[in-house]
Amino acid sequence: MTQNRTLLAVAVCLTMTAAACAAGPSQRPDVAVEQNSPGQAPEDTPDSEPATPPLQVPVTDLSWSDCTAATLGRYELTPRTPGLILECADFEAPVDASGQMFGSFSVGAMRARLDRTPGDAAPLVLTSGSDTSSIEALTDMAAGQSSTLLAAHPIVAVDRRGIGRSTAVDCVKPDARDALADLGQFERAGGDAVDRAVAAGRDATIECTDILQPQELAFATSFAADDLEQLRTAWGVDTLGIIGTGNGASTALAYASAHPDRLARLILDSPAGIGIDEMTRAEQKTQGREAAFAAFTQRCAALDCSLGADPLAAVKSLIASANAGALGPLSSHAVLDGIAFELASSAGDPSQRARNLSATLSAAGNGDTGALRALASRAATAYGSDGQFVARCTDGQQWPSPQAVRDATASWNGLYPVFGTDAALTALTCSSWPTAPAAPLPSDLTVPVLQFSGAADSVTGNGGFPSISGLVASTGTRAATMTWQGSGHPAIGGSQCAQSAAVAYAADATLPPDGSVCPA
């Protein structure tokens, strides 16, 4: 089994046993790209524009070892793409590339390819930032119908420091971790739900900053970008082609800012918004979760699924039971994260996924919470590591005050009836974290940029997409946006149409018509 090391105050990393890699999607048949008015085909490259560098095959590759069975088994996935090969590796990176802090740690990576992927095909590098392990995100994609993309290029996922296969962060004590996972719902301390969420986040913050100092801010996006540069150096190539999904888009943009001449391709898929306060970001994410849930209920009703004629009412009743403590150890936050986790995946047949989620929720409503506990546990593993807490808090800007959350919940209950209250409370868990500098953003991009957004994205939503496309436009580079009308995260994982566009772009930086649409 692969070994990780736990990063404490870190000058030297302690070795500990680690897990394999990741989770999975399914995909629909290829569909025609619809051009969204007033979309226009990108103009021809001006003669004065520098040639876009080609993707490169590593000169010195990592020491890959097969981890297909272990990875798929860990996430209980059966690949729909024949000939899928998953390989895991690690590489060393300094804690601080500038040399101001000492020590190093292990960065976890996984390569996904098919048995028919050309041996001389250059890889694309994927980062999902702090949303989930990049390896888990890639496995979710690879276990679905990802043949279009993987047949053309290997995809290499790089876990952010402290997350997944990378050197682990273990800084929250068990009691505080339980409170953080449940937003303090089962704590006996006085105060309302807002006070309990603040206390849970404060306790976790104190424990992590005490253990990690003076490196508590060494988990910021800029450090994640340094780790990608370390991979480029290890490979001995001049440039990287990067896919940044969700929060990982910020990592990709930070890399473009720090290393503009080291970028060959840049795909920003379902990115989180930039330049916004965290309450706005929470609302955008909640809008995406509600849209994904609405898509689920529509499909569920059409399939006459086990939740009955009104799935929304059934799930709201289940959440009310969780809030009242009637689901045993399951908090309402754990239930909602479990639902959102399932809605994010595009693994398997969409109709069967809807039936399975419906069966899980209806069984819990009837007193059998076994399947729901298992789903919530998978979500906690995917979203709730100490490393993700540290990274999310370090990335955040302008966390809300308790009163701002109290004010928001009154309106969010009506606007977002399933996820609203929980999202507002979750935004409080990092409010005690020390403020870190905002992630660097590029003012100039030297390569064309391909951007995807999803209509029903339960990880980031699509409300922040205009801030990303606006930033890219401000650099003056060629760019194109595509919208996937399906449900899931990221778009490239659920849409063969999006994958086809990515393959064409990877080949020679060809962009689709701006404003194109990929049907669900």
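These legends describe close-up views of a predicted model.

**View 1. Helices H8 and H11 cross in a roughly perpendicular arrangement.** H8 spans residues 278-302 and H11 spans residues 350-365. Their axes come within 9 Å. The crossing angle is roughly 95°; angles of 65 to 115 degrees count as roughly perpendicular, and the pair is therefore described that way. From H8, the contact uses Phe 296, Arg 299 and Cys 300. H11 contributes Pro 350, Ser 351, Ala 354, Leu 357, Ser 358 and Leu 361. By residue class, the contact holds 6 nonpolar, 2 polar and 1 charged.

**View 2. Leu 266 and Leu 268 in the largest nonpolar core.** This core has 82 residues. Leu 266 and Leu 268 touch the most other members. Beyond its neighbours within four places in sequence, Leu 266 contacts Ile 242, Ala 252, Leu 253 and Tyr 505. Leu 266 also meets Leu 445, Val 447, Pro 448, Val 449 and Leu 450. Another core, of 34 residues, lies apart from the largest one. Its members include Leu 330, Ile 339, Tyr 383 and Ala 456.

**View 3. Arg 161 is a buried residue in a loop.** The loop runs between strand S8 (155-158) and strand S9 (168-169). Arg 161 has 3% relative accessibility; buried means under 20%, so Arg 161 counts as buried.

**View 4. Polar partners and surroundings of Arg 161.** The side chains of Arg 161 and Asp 227 form a polar contact of 2.8 Å. The Arg 161 side chain also reaches the backbone oxygen of Pro 94, at 3.5 Å. Outside its neighbours within four places in sequence, Arg 161 has further contacts, including Val 95, Phe 105, Ser 166, Thr 167, Ala 218, Phe 219 and Phe 223.

Terms used:
Residues are numbered from 1 along each chain as its sequence is written. This is a predicted model: local features need pLDDT of at least 70, side-chain atom pairs count only at pLDDT 80 or more; totals for chains, interfaces and linings use all residues. Side-chain values use heavy atoms; hydrogens and water are left out. Axes are lines fitted to C-alpha atoms, for helices over the stretch in contact, and angles run from 0 to 180 degrees between N-to-C directions. Helices (H or I, at least four residues) and strands (E, at least two) are DSSP runs, numbered from the N terminus. Angles under 35 degrees count as roughly parallel, over 145 as roughly antiparallel, 65 to 115 as roughly perpendicular and the rest as oblique. Contact means heavy atoms within 4.5 Å. Ala, Val, Leu, Ile, Met, Phe, Trp, Tyr, Cys and Pro count as nonpolar, Asp, Glu, Lys and Arg as charged, and the others, Gly among them, as polar. A nonpolar core is a set of buried Ala, Val, Leu, Ile, Met, Phe, Trp, Tyr and Cys residues joined through side-chain atoms within 4.5 Å. Buried means under 20% relative accessible area, exposed over 50%, partly exposed in between (1.4 Å probe, protein chains only). A polar contact is a pair of N or O atoms within 3.5 Å; within protein, one must be able to donate a hydrogen and the other to accept it, and residues adjacent in sequence count only if both atoms are side-chain atoms.
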